[in-house]
Amino acid sequence: MSDKLPDDLHYTKSHEWVRTLPDGGVEIGITDHAQQALGDLVFVELPEPGRRVAPGESCAVVESVKAASDIYSPVGGVVIASNAALATTPELLNQAPYGAGWLMRIALDDQGARQGLLDADGYAALLAEEQN
Amino acid sequence: MSFIPHTNEDVAEMLSVIGASRVDELFDEIPSTLVAAALQRVPPALSEMEIGRLMSERASLDGRPLCFLGAGAYEHHIPAPVWAIATRGEFYSAYTPYQAEASQGTLQVIYEYQSMMCALTGMEVSNASLYDGASALAEACLTAVRANRASTSRRILVPRTINPTYRQVAQTIAGNQNVVLESVDFDRSQGRTLVDALLPHAGSDYAAVVVQQPNYFGVLEEVDALVDWAHANDMLVIAVVNPLSLAVLKPPGEWGTPAAAKRGADIVCGEGQPLGVPLSSGGPYFGFMTTRMQYVRQMPGRIVGRTVDADGREGFTLTLQAREQHIRRSKANSNICTNQGLTVTAATIYLSLLGAEGLARVAEASMARTRELVTALTAVRGVHAVFTGEGFHEAVLGFDRPVAPLLAALAQRGIQGGVDLSEHFPELGPCLLVCATETKTSDDIARYAQAVDELQNPAALARGAA
């Protein structure tokens with residue numbers, strides 16, 4: 001883990017990140033660590049806007065050449081947008097996991113729903129632990 | 001070395017770890033009422049010589065009946081090179097490979113197979129095969145539910161003109177995954193599904209409609225009208241087809257009227273047995289499935305693709321298998337991978353040897369023989385054609401009395417006369433589903449018609465003898 005983790009994000013133990021948007025909603029993606037572990041991504045399956053997801057629910061699938069992995073929603077709410085660019089350029093997930101490779105935006109059911117997420121230091125500690 | 005993997009000590013040690021006292025205990029959850037008795041008439045062990053003799057004696061009891069059975073499995077001539085090539089050591093494995101580095105020859109055969117199935121069905125992608133036609137329909141139903149994003153429904157319209165055993169298998173497999181199959185009745189005089197019968201379902205949310213062409217009765221469905229209706233109602237179309245018939249019928253990828261917004265079936269599946277696989281008491285056969293590129297990730301099974309290696313040389317590789325059970329476990333699209341590699345190899349060789357022209361000749365000859373059979377049998381007093389709809393190489397014949405005794409009497413004469421429809425379609429009265437392929441001669445057909453005449457109308461026999 002050479003790169004510093006963005007400290008304006010929250011993280012999950014299953015390697016998703018959560019960014020709070022100005023409107024109070026959140027943007028979700030997978031971490032740099034996750035994209036490195038998956039390898040070259042070839043396909044991303046995203047939920048249709050309007051779908052309601054529960055915290056911990058499988059809501060997307062990212063597929064590399066040899067594996068397909070579930071993405072779990074860190075929060076509960078309604079999907080308001082998914083990243084259409086990933087349909088034709090899934091490699092954005094590898095190139096810019098914290099930026100252009102975002103997966104979806106969710107309007108939260110409950111503003112307190114982010115509890116239980118890790119901050120950058122907490123996630124860095126988790127990664128260090130996994131490496132040992 | 002010993003070929004027995006576990007010694008008694010190994011077994012005892014494993015049992016003690018899991019806290020069981022004997023191996024039988026591991027099966028305790030199976031209700032005792034379901035456990036069959038020991039096989040009384042199967043001897044414990046025979047030598048190769050003894051078993052060879054016993055099996056040839058049993059096989060000779062079958063005789064060489066003249067077969068007019070169809071209903072999903074068909075007797076076709078299989079040119080000798082098909083199995084001579086398929087059983088060469090290089091091909092002789094039941095398994096479709098999992099490994100990306102599998103033999104290039106095996107991968108090329110699968111690639112050729114997929115290409116030919118796509119060409120026959122008019123679709124963009126084919127998987128490397130499934131178990132059989134019936135389970136292929138079940139998988140197609142599950143694929144449709146996953147693929148139809150305009151619908152949240154798990155309901156599928158299944159006309160009664162679908163092979164009833166396919167429906168039962170689809171019900172068993174897909175029904176247990178909460179997919180609901182709803183029946184649609186057929187027109188009693190034409191023997192096919194009319195759009196009128198679908199109309200009551202318009203505006204309801206269904207994932208898909210199944211259309212079998214030719215249908216179970218051998219009758220040709222009005223596929224264009226059915227497909228247009230389904231698409232107009234946001235339903236996908238699952239086509240169930242006999243691959244041989246596609247040599248002369250419009251491929252499912254072109255079903256629908258040209259003016260319609262969306263053309264063609266969405267998922268095509270069926271039984272591959274007519275393509276060079278012997279009847280052999282019901283299997284092994286193979287199922288096939290093709291679909292549009294947009295649904296490729298919802299399709300079960302794996303795909304072989306053509307590519308180039310680091311030096312630019314052509315090669316073949318597994319290009320899509322990430323949704324399969326060895327990778328996705330319980331989240332796999334399907335737990336049916338495939339062990340039908342050998343029958344698929346035979347079908348690929350059969351198709352290569354016959355070519356489009358040869359396949360069309362087999363299809364046309366089968367249609368002509370069935371027409372001849374229907375003409376000969378309906379000339380017998382008490383026998384009539386049940387449906388007016390145009391057919392492929394099967395037909396339903398009605399009789400003036402129950403057909404079971406007739407079939408038994410025909411079997412005594414070495415003739416398999418057809419499939420009794422009274423179990424699945426009692427409302428049709430006494431009926432036989434009959435089929436004559438290119439393997440039947442005019443003499444065979446005359447022999448069958450004469451036998452029916454003698455059995456149905458003993459007076460005719462007396463007259464003939466006088």
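**Cores and domains in a predicted model**

Guide: This is a predicted model. Leaving aside residues up to four places away in sequence, Cys141(B) touches Ile156(B), Ala170(B), Ala174(B), Val179(B) and Ile238(B).

Visitor: What makes Cys141(B) count as touching Ile156(B)?

Guide: Contact means C-beta atoms, placed from the backbone, within 7 Å. Cys141(B) is listed as touching Ile156(B), so that pair meets the cut-off.

Visitor: Why is Cys141(B) called part of a nonpolar core?

Guide: A core joins buried residues of certain kinds, Cys and Ile among them, through C-beta atoms within 7 Å. The largest one here has 118 residues, and Cys141(B), Ala144(B), Ile156(B), Ala208(B) and Ile238(B) have the most contacts inside it. Since buried takes 20 or more other C-beta atoms within 10 Å, Cys141(B), as a core member, must pass that test too.

Visitor: Which element gives the largest share of this core?

Guide: Helix 10 of chain B, with 15 residues.

Visitor: How do you know that this core lies between domain 1 and domain 2 of chain B?

Guide: Both domain 1 (66–73 + 356–461) and domain 2 (80–349) give residues to the core, so it sits between them. The C-alpha centres of these two domains of chain B are 29 Å apart, and their contact takes 21 residues from each. On the domain 1 side, helix 10 of chain B supplies six residues, the largest share. By class, that side has 12 nonpolar, six polar and three charged residues.

Visitor: What lies apart from the largest core?

Guide: Another core, of 27 residues, including Leu5(A), Val18(A), Val75(A) and Met104(A).

Conventions. Residues are numbered from 1 along each chain as its sequence is written. Chains are lettered from A and ligands numbered from 1 in the order in which they are written. This is a predicted model: local features need pLDDT of at least 70, side-chain atom pairs count only at pLDDT 80 or more; totals for chains, interfaces and linings use all residues. Domain bounds come from an automatic or database domain assignment. Two residues are in contact if their C-beta atoms, placed from the backbone, lie within 7 Å. Helices (H or I, at least four residues) and strands (E, at least two) are DSSP runs, numbered from the N terminus. Ala, Val, Leu, Ile, Met, Phe, Trp, Tyr, Cys and Pro count as nonpolar, Asp, Glu, Lys and Arg as charged, and the others, Gly among them, as polar. A residue is buried if 20 or more other C-beta atoms lie within 10 Å of its own, exposed if 12 or fewer, and partly exposed in between; C-beta atoms are placed from the backbone.
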